Each structure stands twice: as structure tokens, then as C-alpha cells.
Amino acid sequence: MIPVFTRLIIDRRALDDPLTGRIRSSLSGAEEIVTGDVSSHPGPATLVLKFHEGRFVKDFPVTPGAPPCGEKYIAALQGCIYNCSYCYLRSYLSHSTITLLVNSGKMESDIREALDAGTVRLTTGELSDSLALDHITGLTSSILPLLEGTSAVIEARTKSASVDHLPGVNGSDAELAGKHLLVTWTLSPPKTIASEEPIAASLDERLGAISKVRSAGIAFALRLDPIIPHYWDAGSYRDLLQRVKDEAGDAPRRIELGVLRFPPGLIESVRQDSPYSPILQGEYVRDREGKMRLYRPMRVKIYREAADMIREIFPQTGIELSQEDRTVWEDAGLEPPVVC
Ligand code: SF4
């Protein structure tokens with residue numbers, strides 16, 4: 001079940017920000033604590049609004065040898081309500097509290113600066129799910145107008161079905177959303193979702209949301225990432241892609257593939273909490289960055305099989321690999337682009 005926030009911890013310096021105002025009216029029943037030190041109020045069901053003076057637009061970490069990613073991420077929300085079993089945030093964030101970084105003026109000027117410098121891909125989905133709380137934060141609606149007149153796209157990455165509030169879907173700003181919004185769903189076969197992402201939307205719900213977004217003229221993309229080796233079975237992924245084709249009535253703009261990997265510290269944390277977890281099954285070896293990755297020939301085999309079925313079902317859709325070096329792209333029969 002999706003957790004409900006019953007407590008708002010508000011940084012005193014963020015009190016007058018319009019984003020804080022939106023959250024307070026969305027969560028009007030929550031207890032509010034206004035403080036000079038948000039870190040001293042941890043607790044469950046708590047959303048922290050923290051004033052942020054640092055950069056909001058950041059570069060993705062680069063995997064050695066991988067095609068450079070021209071995308072940048074907007075670091076607004078940190079932490080996620082879905083708590084997927086394999087979530088990389090466990091190794092990135094030292095706490096489980098969900099924190100929204102607040103400073104609307106700075107966020108806007110950082111985004112404008114990135115757009116002026118030629119950035120054409122931005123996402124809000126690096127340190128959280130882009131849409132899980134977007135109906136509360138309104139971030140997508142507030143960022144989208146900044147892209148008007150540019151060739152840039154804001155990508156919402158999600159495992160949710162919460163799209164009714166989005167520009168375009170809600171009847172407002174349809175042209176803007178059609179030009180500048182891309183919603184990317186992470187999909188897995190139903191068995192994987194039930195076991196490893198039980199709080200996130202079901203496959204049926206995600207497919208229903210894809211249909212809504214498409215009907216509103218908004219582009220969508222897919223991430224089959226992570227593919228968890230224990231659950232890999234070409235037949236169930238073929239069924240998944242066929243259902244997308246039948247129910248969305250259109251092809252995704254691109255499909256990104258990634259076999260499960262564990263950033264430093266994550267596999268140890270999973271072993272400690274769930275020593276018999278299916279996500280630990282498989283032959284993992286540590287790479288140059290310290291990540292645990294599935295034995296390379298097994299990864300390449302999965303990528304080849306997945307790419308073959310994508311070419312068959314969505315022949316026009318581009319295929320990308322997530323965080324893999326060029327030699328893995330080539331061995332998987334994919335041409336690495338100059339820039340993803
Ligand atoms: S949806 Fe993404 S960010 Fe949220 S818990 Fe799952 S893996 Fe982590």
C-alpha cells in the first residue's frame with residue numbers, strides 16, 4: 001500500500017517558497033513542524049522540505065567506456081515511497097526519509113542555465129520516481145513551461161500510474177506537453193513486479209497509464225531495467241512487449257535495457273536484509289567501478305535476446321543499454337551512439 005504522509009518537516013527558510021505552499025495545501029491534514037534543522041526530526045510517514053542552495057541540475061555519473069549520456073537530472077526529490085527490493089538509493093542515501101529540496105527560484109535559474117548551454121534531455125527520475133509524488137509536488141507542471149521555445153524534453157521516469165494530473169492529460173498545456181514531455185515506464189513481467197516492486201503500480205495499471213498518456217498526445221518510452229536474472233524468461237518479456245503494442249496502440253520512442261547491477265554496498269545490504277532474495281541469484285563479479293555485475297557473457301546473452309524481440313515487435317524503436325561500455329553494446333549486436 002502507498003504510504004501516506006502524516007508529518008511535514010519544513011525548513012524555516014523554505015516556508016515562503018511557492019513549492020512549499022503547494023505541498024502544504026496538498027497535505028493539509030499533515031502535522032507541520034517548522035524548524036531550523038530538518039535533520040533532527042526523522043520518522044516514518046514524513047516528508048521533509050529542505051531549503052537548498054546548491055545545484056539543482058546535475059550530470060549523471062559516467063560508466064567508463066559507455067557512450068556519453070547527454071542527459072542531466074534535476075535533483076529535487078530524494079528518496080522514494082516504492083521501496084523496490086533492488087533500489088540503488090539504499091546505497092546512495094544514508095536515510096530512508098523522503099526529502100524535497102526547495103528553492104524554486106534557484107531551481108528555475110539552474111534549469112534555464114542548462115537549457116541555454118544546449119541540454120536537450122532532462123529528467124527528474126534519478127533520485128526518486130518522477131511521478132509517485134508528482135500529484136503532490138506539481139514539479140512536472142512547474143518545470144515544463146521552462147522548456148518552451150527550446151528543443152529540450154523533460155523525461156518523467158516512473159513505475160506509477162499517476163498521470164491524471166499531468167499537463168496534456170488534464171486538458172491543460174496539451175501542445176507544450178506533446179512537444180516537451182516524455183514519460184518513461186519501467187516495466188517487468190507481473191511476477192517480478194509482485195515480488196520485487198509490490199508497492200509500485202501493477203503492470204495492468206502501468207499499461208493503462210501508458211494508454212492515457214498516448215491518448216493525450218504525449219510520447220512514452222520504456223525501460224526494461226533492471227532485468228533481474230532470476231526472472232529472465234524471453235517468453236514473459238515477449239508477452240510484455242506485445243501487451244504494450246496492443247494496449248498503447250503506438251511504439252515507444254526508445255527502449256532502454258539494463259541487467260541488474262549493484263552499486264557498492266547494495267548487495268551487502270540486500271544479503272543482510274534478505275539473504276534468500278531471488279535478486280541475489282546469479283554469478284556476479286565486481287567491475288572497475290566497484291559495482292557487482294552479472295557475468296558478462298550472461299548479460300550479453302540477455303541483451304541479444306531482448307534486442308531481437310524488440311526489433312521484431314517494435315522495428316522502428318531505438319534500443320539503448322544502460323550503464324554498459326561500448327564493447328558490450330557491440331557484443332549484443334547494438335551500435336553504440338556517439339551520444340545517447
Ligand atoms: S521506483 Fe525507482 S527510486 Fe523508487 S524505490 Fe523503486 S527503484 Fe528506487
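This is a short walk through a predicted model, with a few spots to select along the way.

**Stop one: the ligand.** Start by selecting the ligand and showing what surrounds it. The space it takes up is the largest pocket. Now bring up the residues around the ligand: C80, Y82, N83, C84, Y86, C87, Y88, L89, S128, D129 and K159. Try colouring this shell by class, and you'll get seven nonpolar residues, two polar ones and two charged ones.

**Stop two: a pair of helices.** Next, select residues 203–215, which make up helix α8, and residues 234–248, which make up helix α9. Their axes come within 9 Å and cross at roughly 40 degrees. Which hand does the crossing of α8 and α9 have, left or right? This one is right-handed. To see who meets whom, show the side chains: α8 brings L203, D204, L207, I210, S211 and R214, while α9 brings L240, R243, V244, E247 and A248. Sorted by class, that contact has six nonpolar, one polar and four charged residues.

**Stop three: two backbone oddities.** Most residues other than glycine have a negative phi, and most peptide bonds are trans. Here are two spots to hold up against that. Zoom in on D225 and P226, which are joined by a cis peptide bond with omega at about 10 degrees. P226 belongs to strand β11, residues 219–227.

Then jump to A45, in the loop that runs between β2 (31–35) and β3 (46–51). What is the sign of phi at A45? Phi is positive there, about 55 degrees, although A45 isn't a glycine.

Key. Residues are numbered from 1 along each chain as its sequence is written. This is a predicted model: local features need pLDDT of at least 70, side-chain atom pairs count only at pLDDT 80 or more; totals for chains, interfaces and linings use all residues. Side-chain values use heavy atoms; hydrogens and water are left out. A residue is near a molecule or strand if one of its heavy atoms lies within 4 Å of it. On a 1 Å grid over the protein atoms alone, a cavity is a set of points where a 1.4 Å probe fits but cannot get out, and a pocket is an open set with protein on both sides within 12 Å along at least five of seven lines; lining residues have an atom within 4 Å of a point. A molecule sits in a cavity or pocket if more than half of its atoms lie within 2 Å of its grid points. Ala, Val, Leu, Ile, Met, Phe, Trp, Tyr, Cys and Pro count as nonpolar, Asp, Glu, Lys and Arg as charged, and the others, Gly among them, as polar. Axes are lines fitted to C-alpha atoms, for helices over the stretch in contact, and angles run from 0 to 180 degrees between N-to-C directions. Helices (H or I, at least four residues) and strands (E, at least two) are DSSP runs, numbered from the N terminus. A crossing is left-handed if the near helix is turned anticlockwise from the far one by less than a right angle, and right-handed if clockwise. Contact means heavy atoms within 4.5 Å.
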